[in-house]
Amino acid sequence: MKLAFLALGLALVVACKKPEPPHIVPKEARVAAVSPAGVDIVVKVEATNPNTVTLSARSFTGKAKLDGKYDLAMVTVERPIVLPPQQPTMLEVPMTLPWSDMNALATLATAQKPVPYVIDGSVTVGGESLNVTLPYSLSGTIAREQLIAAAMRGLPTLIPPVPAPAPAPPR
């Protein structure tokens with residue numbers, strides 16, 4: 001009888017085991033476009049769900065720093081992605097990171113080389129009541145030509161408009 005209760009207790013403990021968080025491996029951050037609105041980046045991370053049950057990634061955050069000193073605004077992308085049990089899943093998430101300061105675009109466009117960036121963010125995995133946030137960090141460079149083209153398209157927002165002359169008073 002004691003053995004049956006022990007087996008039942010062990011089965012309940014195993015059945016109620018809390019899921020393990022997925023393993024996140026940052027793979028790549030690719031600059032898709034640079035515009036006066038911000039930098040479009042595709043973030044790739046590989047998530048491996050070590051559990052025997054399906055989990056889901058719920059949202060992704062990202063914040064970039066360009067050239068070690070210019071911050072782009074943080075964004076959150078709500079994007080549910082299923083993580084099947086015990087296998088890796090490649091997650092590709094497009095993000096538009098807005099400029100915090102348009103003057104940074106003009107300054108970076110004058111760089112004589114590609115501009116390095118670092119993206120720090122997180123992936124939230126789980127459900128409504130139980131979830132975990134897992135960090136990632138990726139780095140790369142933005143081509144000088146992309147920054148120059150974006151700055152040229154953004155000139156109207158960087159240079160204040162010249163006011164039209166006042167109409168001449170009637171004679």
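**Strand pairing around β7 and in the β1-β2-β6 sheet**

In this predicted model, strand β7, spanning residues 115–126, is largely enclosed by the rest of the structure, because nine of its 12 residues are buried. Burial here refers to a relative accessible area under 20%.

The pairing of β7 gives a helpful way into this part of the fold. With strand β3 (residues 55–66), β7 runs antiparallel, and nine bridges join the two. A convenient point of reference along this pair is Gly-62, whose bridge partner in β7 is Gly-121. Strand β7 also runs antiparallel to strand β8, which covers residues 131–142, and here 12 bridges make the connection. Within this second pairing, Tyr-117 is found opposite Gly-140 of β8.

Attention now turns to another set of strands. Strands β1, β2 and β6 form an open sheet of three strands, arranged in the order β1-β2-β6 and paired in the antiparallel sense. Its edges are formed by β1, residues 23–35, and β6, residues 88–98, each of which pairs on one side only. From one strand to the next, the twist averages 20 degrees.

The contact between β1 and β2 can be followed in further detail. Strand β2 comprises residues 38–48, and its antiparallel pairing with β1 extends over 11 bridges. For readers tracing the register on screen, Val-31 is a handy place to start: its bridge partner in β2 is Ile-41.

Technical notes
Residues numbered from 1 in each chain as written. Predicted model: local features only at pLDDT ≥ 70, side-chain atom pairs only at ≥ 80, totals over all residues. Heavy atoms only, no water. Pairing = 2+ DSSP bridges. Helix = DSSP H or I, 4+ residues; strand = E, 2+ residues; numbered from the N terminus. Axes fitted to C-alpha atoms, helices over the stretch in contact; angles between N-to-C directions. Buried < 20%, exposed > 50% of the residue type's maximum accessible area, 1.4 Å probe, protein only.
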